[in-house]
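Reader: Please give me a close look at a single part of this model, and connect that part with what surrounds it along the chain and in space. I would like each term explained where it is used.

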Amino acid sequence: SRWVRAGCAPHVPWLRLWATLQAYIEELLEEARSNSGCGAIYIGVSLMSMQAIDFAWLSDKGFCFHHYRPPGHGSSLEMEGGSSSSTEGSAELVYYCWPHKDVEDMVPQ
C-alpha cells in the first residue's frame, strides 16, 4: 500500500496543496494500475486543510472514506511526554482507493 498525507505541513497555500496532491494521486494511480502487487492507496487529509480538497474529485478517482485518526495519533511528542496541545491540529480523515479492477478489494472495513 501507499500512504500520502495532505495538510500536515504548516503554511502551505491551499491551491499548492491541492495541485500537489492531485499530481501525486495521478502518479500513484498510474503506478498501481501497472503493478497489481501495490495494494491500496491511502490519503490522510488533515482536518485543518479540508477546505483545500475536492472530495468529489477524489470520489471520481475511486477514493472513499476509510477512518478517522484522532489528534496526536502516533505523535512522537506524545510518546516523549510532550504537550497534547501541540498535536491538536493533527486529526485526519483517511480515504482509500483500491485501484485494481481485476483483483477484489482486500482493504478491511
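Author: A residue is called buried when its relative accessible area is under 20%, exposed when it is over 50%, and partly exposed in between, for a 1.4 Å probe and protein chains only. By that scale Trp57 counts as buried, at 17% relative accessibility. Across the protein chain, which has 109 residues, the buried ones make up 36%.

The model is predicted, so local features need pLDDT of at least 70 and side-chain atom pairs count only at pLDDT 80 or more, while totals for chains, interfaces and linings use all residues. Residues are numbered from 1 along each chain as its sequence is written, and side-chain values use heavy atoms, with hydrogens and water left out.

The chain has three helices and four strands (DSSP runs numbered from the N terminus, H or I with at least four residues for helices, E with at least two for strands), and along the sequence they follow the pattern β-α-β-α-β-α-β. The part I will follow is helix H1, which runs over residues 14-34. The 21 residues of H1 should span 30 Å at 1.5 Å a residue, and its end C-alpha atoms are indeed 30 Å apart, which agrees; the expected span is 1.5 Å times one less than the number of residues.

H1 has two contrasting sides. Leu17, Trp18, Leu21, Ile25, Leu28, Leu29 and Ala32 are its buried residues. They cover an arc of only 105 degrees around the axis, and therefore sit on the same side of H1, the arc being that of the directions from the helix axis to the C-beta atoms. The other side of H1 carries the exposed residues Leu15, Arg16, Glu27, Glu30 and Ser34.

Part of H1 also borders the second largest pocket, which is lined by Val4, Arg5, Ala6, Gly7, Cys8, Ala9, Val12, Arg16, Leu17, Thr20, Leu21 and Tyr24. (A pocket, on a 1 Å grid over the protein atoms alone, is an open set of points where a 1.4 Å probe fits, with protein on both sides within 12 Å along at least five of seven lines; lining residues have an atom within 4 Å of a point.) H1 gives the most to this lining, with five residues, and both H1 and strand E1 (2-6) supply at least two. Leu17 and Leu21 therefore appear both in the lining and on the buried side of H1, whereas Arg16, another lining residue, is exposed on the other side of the helix.

Between E1 and H1 lies a loop that holds His11. His11 has a positive phi of about 65 degrees although it is not a glycine, and it is exposed, with a relative accessible area of 82%.

Further along the sequence, Trp57 provides a point of comparison in space with H1. Trp57 belongs to helix H2, residues 55-60, and its C-alpha atom is separated by 9.1 Å from that of Gln22, although these two residues are 35 apart along the chain. Before H2, in the loop that follows strand E2 (41-46), stands Leu47, which is partly exposed at a relative accessible area of 36%. Leu47 and Arg69 are 22 residues apart in sequence, with their C-alpha atoms 9.8 Å apart in space.
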